[in-house]
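Student: Before we accept the labels attached to a structure, I would like to ask how each one is justified.

Tutor: Then let us take them in turn and set the values against the criteria.

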Amino acid sequence: MTNLLGNDSSVWCRRHLLDVQDLSTAEIELVMQTADVMSKQINSPMKKSDALRGKTVITLFYEASTRTRGSFEMAAKNLGADVINMTVQSSSISKGESLINTLHTLVQIGADMIVMRHPLSGAHYCAAPYMQASLINAGDGWHAHPTQALLDLYTVRQHAGDLQGRKIVIVGDIKHSRVAHSNIWCLSKMGAKIVLCAPPTLLPAGLADMRNCFPHVEVENRIDKALVGADVIMVLRLQKERMRGDLLPGTADFICGYQLNATRLALANPQAIVMHPGPVNEDIELSASVLRSPRSVVGKQVSNGVAVRMAILQLLNASKNQ
């Protein structure tokens, strides 16, 4: 069966998007192809469509967000959906309402899709079995951020082409980063070689076991060595709000040991791109000069987020209508 986008809709039969780990390479390719269509739509004179006309998309964010929440709202509106943004502080959640009851209420008032960010890892997996509406994970604790990984993949492919054998270095607070965790799964599935670079205290536990799942993932604590020959450098923000205990001697030590600056960038391949999921702690994990250099695609990541999230909304809607 071919959908309106010209793609084989039998590849995607999902009601929810909970984690990129769950997706096959064929499903990921379908997201990329659909995002191409959506990108053309965004850049056309008539950038809005009626694909989700009559549908209601509700964003429910238990944590602060600018890029993810804003791009999901724009994505839904570009597809013709009605969008409601729920503010946790002014809802019954602040009175102690449970997550499941909150989601049931949103479905009862007409939600077709709910985009949720939650501070607890696995919250979406707990909620999904009880959901009639589609549930999209916009970030859960340290665990996953599937749409960020998909937009990162989309951005890498625009600039570096096929990922097979490409060296992608992820630098910074990997331990607390749901973005890193989802990207490890997503980029590895698509053939990239991943190098994780961080102080030992900011690396996730169980790396030896992880290598059984990810034979193409390596760990290198020395940034100067990690960056040699890199095709993509993905820099992560220090997740200070999630840290417990003295994991770093101080910010100055992190800057000295792990900041991506112009000198270190010169160790990578000449065409290597620099990425960051945002928000950037400027001149901490990433120098201002590198952030504003032609090698930085941080702004492109943000704009690509709209097209990729439009693709997800479109695919989930098409799947429900089969």
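Student: What separates the centres of domain 1 and domain 2 in this predicted model, and where do the bounds of the two domains lie?

Tutor: The centres, taken over C-alpha atoms, are 26 Å apart. The domain assignment of the protein gives domain 1 as 2–141 + 302–321 and domain 2 as 146–291, and the contact between them takes 31 residues from domain 1 and 21 residues from domain 2.

Student: How many Å² do domain 1 and domain 2 bury between them?

Tutor: About 2,100 Å² is buried between the two domains, 60% of it on carbon and sulfur atoms. Val20, Met32 and Asn304 together supply 26% of the area that domain 1 buries against domain 2, which is more than any other three residues.

Student: Why is the meeting of arginine 157 and glutamate 29 called a salt bridge?

Tutor: The criterion asks for a side-chain nitrogen of Lys or Arg within 4 Å of a carboxyl oxygen of Asp or Glu. The side chains of arginine 157 and glutamate 29 meet at 3.0 Å, N to O, so the pair satisfies the cut-off of 4 Å and is called a salt bridge. Between domain 1 and domain 2 the count is two salt bridges, and across their interface eleven residue pairs are found in polar contact, both residues being at pLDDT 80 or more.

Student: Which elements give two or more residues to the side of domain 1 that touches domain 2?

Tutor: They are α1 (25–42), α2 (67–78), β3 (113–118), β4 (134–140) and α12 (298–320), and α1 gives the most to that side, with eight residues.

Student: Turning to the sheet, what makes β5 and β8 a pair of strands?

Tutor: Two strands pair if at least two bridges are found between them. Four bridges join β5 (residues 167–171) to β8 (residues 232–235), so the requirement of at least two is met and the strands count as paired. They run parallel, and valine 171 stands opposite valine 235 in β8.

Student: Why are β7 and β9 called edge strands?

Tutor: The open sheet of five strands has the order β7-β6-β5-β8-β9, with parallel pairing. The strands β7 (217–219) and β9 (273–275) each pair on one side only, and are the edge strands. Neighbouring strands of this sheet are turned by 20° against each other on average, direction ignored.

Student: How do you know that helix α6 packs on the sheet?

Tutor: The criterion for contact is heavy atoms within 4.5 Å. Helix α6 (residues 178–189) touches β5, β6 (193–197), β7 and β8, and its direction makes about 175° with that of β5.

Terms used. Residues numbered from 1 in each chain as written. Predicted model: local features only at pLDDT ≥ 70, side-chain atom pairs only at ≥ 80, totals over all residues. Heavy atoms only, no water. Axes fitted to C-alpha atoms, helices over the stretch in contact; angles between N-to-C directions. Domains from an automatic or database assignment. Buried area = accessible area lost by both parts, 1.4 Å probe. Polar contact = N/O pair within 3.5 Å; in protein donor to acceptor, adjacent residues only side chain to side chain.
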